[in-house]
Number of protein chains: 2
Amino acid sequence: MKILITSGGTSESIDSVRSITNHSTGRLGKKMADLFLNKGDHVTLVTTAAAVKPNKHKNLSILEVTNVESLIETLEPLVKEHDIFIHSMAVSDYTPVYMTDVKTLEHTKNMETLLHHKNTESKISSKADYQVLFLKKTPKVISLVKKWNPNITLIGFKLLVKTNKEELLNTARESLHNNQADYVLANDLAQISHDKHIAYLLDKHHVFKAQTKSEIAQLIFEKVRTNHD
Amino acid sequence: MKILITSGGTSESIDSVRSITNHSTGRLGKKMADLFLNKGDHVTLVTTAAAVKPNKHKNLSILEVTNVESLIETLEPLVKEHDIFIHSMAVSDYTPVYMTDVKTLEHTKNMETLLHHKNTESKISSKADYQVLFLKKTPKVISLVKKWNPNITLIGFKLLVKTNKEELLNTARESLHNNQADYVLANDLAQISHDKHIAYLLDKHHVFKAQTKSEIAQLIFEKVRTNHD
């Protein structure tokens, strides 16, 4: 089987020295890659420079991306030629559009116009006491997957912060439905620490619980295996 | 001699999953640390998790910081007990204050009020098409150094992007004067690549040029040595 995994977190540039980064160590992606490789599968890992990576392996290809744009470009052809896609990457939901000082903002009658401005300088000046940064929503990568390849088994990830179990599962179910995902792994940042990682793997009818990154990797491995046997 | 070096780039949190990061590999800081260690000096390196670090050494202490606040807390006592401070870290000049959607912004009569808002949610919602992030200037760490310790030899760094040599040197001279630095290392991102790093080391009366990271490290080493002999 050909497994496509994403890990790490994307970064969106503000200018040539600053960017907005989504944090993710890549440790879970590494664990999943190792597990599939050990069972003889081929793994393509799409990740970021800062993420932890698996050791070299003859059945492993690693591709690095930076922002959402490069992620989409890289994923589209790969999604079309893999059987399973485990999308654990923390993807930026907003990308910078324009940065200016608060004075300019106060003197602008129609805010909407600022959404179409662009910074022409390479490094935005740091003189003003306050700045304002406009951001726009990035395309939802997970919503494109089944359009690219309706036959791929898609495992999405949903991370919330300090929510309760019911809300977490409901949000994951929405994502399952909206993105035609086969499974969604739902987790809460407040329940992730060095040696603990509480998570729920959902499909349309079931919820399975895991307590560590190894258990999550094992659970996903078993479910996608059963699906493909 | 006791040498204090900073390297890497700080990150300022937007919420618990996103932050604004200043990029810096830490490679120059590592080279400088290695050079001083090889000559028998004691080195304290204040750096970030993502930065490249020197190998372990009996005369080397490494401390990790995240944002400007933790940098200042860490540096103040260290500046007071070191002879030389080489401040090569890329320090965030703005920190997030408040993030909201553009609709809210349009309905706010007095923008200033938004500068005093705070996000109470742990992960800011990603439903709106456009968001606006207010940022405020961080304290200028380099301007505090001589107040903490008037006797320390201070080497500041100034990075511009796509400027000309005259403007670069003028900006560096301003920094030299405003921060009572003994030297400023001026460089332009457009003139830094894998094997090249054009830079100018300035004091009040001289300008010295270097073409690689190794030359920069050597130049700084020689100048601060001469100063202290």
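**Entry 1: symmetry**

I superposed chain B on chain A by least squares on the C-alpha atoms of residues with pLDDT of at least 70 in both; a rotation of 180 degrees with 0.0 Å of shift along its axis does it, RMSD 0.0 Å. The two copies are therefore related as by a two-fold rotation axis. I noted that this is a predicted model, where local features need pLDDT of at least 70 and side-chain atom pairs count only at pLDDT 80 or more, while totals for chains, interfaces and linings use all residues. Residues are numbered from 1 along each chain as its sequence is written, chains are lettered from A and ligands numbered from 1 in the order written, and side-chain values use heavy atoms, without hydrogens and water.

Which residue of chain B comes closest to the rotation axis? I found Ile20(B), its C-alpha at 2.2 Å.

**Entry 2: chain B against chain A**

I counted contacts (heavy atoms within 4.5 Å): 37 residues of chain B touch 37 residues of chain A. For buried area I took the accessible area (1.4 Å probe) that two parts lose on being put together, summed over both. The two chains bury about 3,600 Å² between them, 59% of it on carbon and sulfur atoms. On the chain B side, Val17(B), Tyr94(B) and Tyr130(B) lose the most area to chain A, together 16% of what that side buries.

Next I looked for salt bridges (a side-chain nitrogen of Lys or Arg within 4 Å of a carboxyl oxygen of Asp or Glu) and got two across this interface. Asp93(B) pairs with Arg18(A), closest N and O atoms 2.6 Å apart.

I also went through secondary structure, using DSSP runs numbered from the N terminus: helices (H or I, at least four residues) and strands (E, at least two). The elements of chain B that give two or more residues to this side are strand S3 (18–22), strand S7 (94–101), helix H3 (102–106) and strand S8 (130–137). S8(B) gives the largest share, eight residues.

**Entry 3: inside chain A**

I looked up the domains, whose bounds come from an automatic or database assignment: domain 1 is 2–93 + 138–228 and domain 2 is 94–136. Their centres, taken over C-alpha atoms, are 33 Å apart. The contact takes 11 residues from domain 1 of chain A and 10 residues from domain 2 of chain A.

These two domains bury about 870 Å² between them, 60% from carbon and sulfur atoms. Ile14(A), Arg18(A) and Asp93(A) supply 43% of what domain 1 of chain A buries there, more than any other three residues. I found zero salt bridges across this domain interface.
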